[in-house]
Amino acid sequence: MCDVFAELRWRGLIHQTTDDARLSAMLREKPRAVYCGFDPTADSLHVGHLVALMTLRRFQRCGHRPIAVVGGATGMIGDPSGKSEERNLLSVEVLRANVAGMARQLQRFLDFDGPNAAVLVNNYDWMGRFGYLEFLRDIGKHFPVNVMLSKDSVKARLERSDAGLSYTEFSYMLLQAYDFVYLNEHYGCEVQIGGSDQWGNITAGIDLCRRMRGVQLYGMTCPLLTKADGTKMGKTESGAVWLDPAKTSPYRFYQYWINLADADVGTCLRFFTDLGRDEIEALEARHAQAPDRREAQRTLAAELTRLVHGESGLGAAQRATEVFFGAEIAALGDAQLGEIFADVPSRELPRARLVEGLPIVDALCEAGLSKSKGEARRVITQGGAYLNNRRVTSPDTRLGPADLASESVLVLRTGKKNYALLRFV
């Protein structure tokens, strides 16, 4: 059994603990059950969840038993931690779909077989049996209101003049605190982890279990995922970077990490890959010598895309990247080309023009890659025109349906990087 506390420490994944020395010692003594909760606010996890997911994964690889809690009950309320206003409440049907989607993704990160098999549970399974009066009588009486009011997540909302805190959200901390009590009683769970914004909820659970059961539990938080400049990581102009390929394709996921700033790549290699310390430090040294090669980013992108999307997803992402940099286009669909060339100018033309036979010089002009037919001829003659990343050898070439790169798209290029698409409808 490896020393998971030391592993997490060198990777920079420990932000706070309830007791460094005791937690470190107990994790070395014997395997422990460790839990982390995930509220089903969407039907997919996103990049922001990766810190907690990979931390649970590291606990398991060091011999401990991870428990992933999908918050079917707490998700009905919404965690006020880090939020400036109350979340919209989701219907039971939407929550069920979200829970199912997240549960499938969790299985890519954790091993659910073997001696320290991971456990996946839904807190609605135990919270759903409580009536309101029963919960207040059996659980609420052990939870002092002054404890709740002292938590930063509550104080921050109460101190705002433009936003209050509903009783519903105020109750969230109590529900999550009881999760820890239940998991300790039924699964022997002794440690809870979460993002640094979960500190108040984690310590509330520890306090509640001490009051109800006389048991000492432990907590640890990980740093939130931010860039070197302090802004949140995992966001793009089009929104969050999701782990569901239907929301963020493997290509876009791969490209997110390829384009990561040099200042952030070392942290992400430590947080998100299974590479060892020596491998990461050697990679960083090579990257410092030749940052233009982006070896660190390419390694990070490959490791993470393989983990999230499998070998097939990684292969598709790498092929798509090669296409963008000039590899011949084959066996791709409209949707894939749309992803690869999302920022490339495009124009729609009637499909009849292709059926009639579209002169390549006309195609280059229609695409905006040449200002005149004469210029188009010169570019082709000089070897600088490409159709679907294959060089065009004759200015008299006429294009037909068989020349399409996908169902309806032609990819045209002049020089090394001047791309344009023609879409035939």
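Begin with the open sheet, in which five strands run in the order β9-β15-β14-β11-β12 with mixed pairing. This is a predicted model, and every stop on the tour should be read with that in mind.

Select β9 (346–349) and β12 (390–391) and look at the edges of the sheet, where each of these strands has a single partner strand, so one side of each is left without a neighbour in the sheet. As background, strands of a sheet pair through backbone hydrogen bonds, either parallel or antiparallel.

Next, select residues 385–387, which make up strand β11, together with residues 409–414, which make up strand β14; these two strands pair in the antiparallel sense over three bridges. Within this pairing, pick out Tyr386, and you will find Arg413 of β14 standing opposite Tyr386.

From the sheet, turn to the charged side chains, for which the count comes to 24 salt bridges. In general terms, side chains of opposite charge can pair when their charged atoms come close.

Select Asp274 and Arg58, whose side chains meet in a salt bridge with an N to O distance of 3.8 Å. Asp274 lies in the loop between α13 (262–272) and α14 (277–289), whereas Arg58 belongs to helix α3 (residues 50–61), so the pair ties together parts that are 216 residues apart in sequence. With a surface display switched on, compare the two partners: Asp274 counts as partly exposed at 30% relative accessibility, while Arg58 counts as buried at 4%.

Move then to helix α14 and select Arg277 and Glu281, which are four residues apart in that helix and therefore separated by about one helical turn. Their side chains meet in a salt bridge at 3.2 Å, N to O. Arg277 is partly exposed, with a relative accessible area of 45%, and Glu281 also counts as partly exposed, at 36% relative accessibility.

Now select Arg286 and Glu295, where the side chains form a salt bridge at 2.9 Å, N to O. Which of these partners is buried and which is partly exposed? Arg286 is partly exposed, with a relative accessible area of 43%; Glu295, by contrast, is buried, with a relative accessible area of 16%, and the cut-off behind that label is a value under 20%.

For the last stop, select Arg22, Glu29, Arg32 and Glu190 together and display their side chains, since here the view shifts from pairs to a network of salt bridges that links these four residues.

Conventions. Residues numbered from 1 in each chain as written. Predicted model: local features only at pLDDT ≥ 70, side-chain atom pairs only at ≥ 80, totals over all residues. Heavy atoms only, no water. Pairing = 2+ DSSP bridges. Buried < 20%, exposed > 50% of the residue type's maximum accessible area, 1.4 Å probe, protein only.
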